[in-house]
Amino acid sequence: MDIQALCSKLGIDGASFATGDLQVHSPIDGSRIASLYSSTQAEAERAIERAERAFFELRNWPAPKRGELVRLFGQELRQHKQALGELVTIECGKIRQEGLGEVQEMIDLCDFAVGLSRQLYGLTIASERPDHRMMEQWHPLGSVAVISAFNFPVAVWAWNFALAIVCGDPVIWKPSERTPVTALACHALFQRAIASANAPEHLSQVLIGGASLGAQLAADPRIALISATGSTRMGRALAPVVAARFGRALLELGGNNAMIVTKSADLALAVRAIVFSAVGTAGQRCTSLRRLFVHDAVRAELLSRLAGAYASLPIGSPLDASTLVGPLIDAHAFAAMQAALRTAAADGGTLECGGERVLAGARPEAFYVTPALVSMPQQTELVRSETFAPILYVLGYHELEAAIALQNGVEQGLSSSIFTTDMREAELFVSARGSDCGIANVNIGPSGAEIGGAFGGEKATGGGRESGSDAWRSYMRRATNTFNYSSQLPLAQGITFGE
Ligand code: UN1
């Protein structure tokens, strides 16, 4: 792990990260990879002022010109994909394929945003009054603050960033305190795009810090939109502060994603999807599969196939090409996983396999685990809560409607899926009577969404939508304009007033 070499490839001075108060450790072996300075309240204040000035410039740039800036950023990402992907792996512990996948997700979003920069359409609306015309325009909103989580240290920021820039909004980024180096690298790559496009300064700024910094951004009325990814607890603290000043919040909070496997399912396909969704990123995605509802007729068969697949999972350094399961982010994540497994046992659950710490001798400061498969007699409070670790709870069901009710019977509403070859079952699942989640998939696991769709979920997941489709609207304000080209002043609703 040569952090200095990677940093210099990415245009940041790794040697300068030596004396700060914030220690950054790699989950791969627990070694310290950087010491950075946390931003002070006064620095955050200055960043907000600079973003406001940048906004006044950027809003005058035509949207396609803003798109050109994002196109240049996408080129930088293409050129630096390997180095940035590796840094993601070192800082957050996801395997190489997934680190590269994250950078690809950023590139895809840049491409999407470039096209969008020529398609920020408003409607033309038929007026009820003669010789009147109504239309709407979408204008830049203002400064955007992005609060991102360790598990997708760069892609989720890019979803917000690329859209915000084409929409005309500067971005202040508070990355997770566990993954600030990748944030600084992305910022440096964007600065290159700024230089080539001769764009205004301070369209991107990075602030390093924890909850108090997040609270400062949430409370400041100059931040038009806060887009925050993290726990439901974090969202509960943040949202009322933003709402109290009538700011806009876009929240992507906890998930407790489920899959229903019906008796008509293609089990071989289901097994592959389950393993990817439940153990990929060591179970640390918001979209990770946590609850599996299996029809009683195929439950024993599926469990035995899953146990076989789990037994052969290569666990180890995410830098090794053959590894599929890397480390948990830290000791707290490991402790939370152990606590959940104890509660599961006390609730009558049966540990089918996994749940053990491995490689502790060779890497005492890192937390590698065998992913756990736990049969549960019912959907307990534990099953209804999100533990950010590779634990998959398995429950049986008999009637599909009952399985759907169980699936929806949690406070979160991010992602969901069904495996079935029966069209009636598939259609029911995606109907209004089916999954209540923001994402409902058929014969695909709940994780690994493409950027083209709107990403986000309902209920305690926070209701926000990011990435594709019309998610861009959150980053703009809509103005409705009515034009009168007659020589009369007819009032709407046929009202007469003093005539
Ligand atoms: C997250 O875990 O916060 O759908 C985002 C997925 C990824 C994004 C996950 N494309 O699994």
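**Exercise 1.** How do the residues of the shell around the ligand divide into nonpolar, polar and charged?

*Solution.* Keep in mind that this is a predicted model. Start by listing the surroundings: the ligand is enclosed by Glu105, Asn151, Phe152, Trp159, Glu252, Arg285, Cys286, Thr287, Ser447, Gly448, Ala449 and Phe455. Next, sort them by type, with Gly counted as polar. The shell then splits into five nonpolar, four polar and three charged residues. Finally, look at where the shell comes from: domain 1 (3–250 + 462–480) and domain 2 (257–442) each supply at least three residues.

**Exercise 2.** Find which polar atoms lie 3.1 Å, 2.7 Å and 2.8 Å from the ligand.

*Solution.* Take the ligand nitrogen to begin with: a polar side-chain atom of Glu105 is 3.1 Å from a nitrogen atom of the ligand. Then turn to oxygen. Thr287 places a polar side-chain atom 2.7 Å from a ligand oxygen, while Gly448 uses a polar backbone atom, 2.8 Å from an oxygen atom of the ligand. To round off the picture, consider area: the ligand alone exposes 320 Å², of which the protein buries 99%.

**Exercise 3.** Is strand β10 largely enclosed or open, and why?

*Solution.* Recall that buried means under 20% relative accessible area. Five of the five residues of β10 (residues 257–261) are buried, so the rest of the structure largely encloses this strand. Now split the strand by direction. Asn257, Met259 and Val261 point one way, Ala258 and Ile260 the other, and all are buried. Side chains in a regular strand alternate between the two faces of the sheet. Last comes the neighbour: β10 runs parallel to β11 (residues 289–295), joined by five bridges, and Asn257 has Leu289 as its bridge partner in β11.

How values were computed: Residues numbered from 1 in each chain as written. Predicted model: local features only at pLDDT ≥ 70, side-chain atom pairs only at ≥ 80, totals over all residues. Heavy atoms only, no water. Near = heavy atom within 4 Å. Polar contact = N/O pair within 3.5 Å; in protein donor to acceptor, adjacent residues only side chain to side chain. Areas by Shrake-Rupley, 256 points an atom, 1.4 Å probe, with all protein chains shown as cover. Domains from an automatic or database assignment. Buried < 20%, exposed > 50% of the residue type's maximum accessible area, 1.4 Å probe, protein only. Helix = DSSP H or I, 4+ residues; strand = E, 2+ residues; numbered from the N terminus. Pairing = 2+ DSSP bridges.
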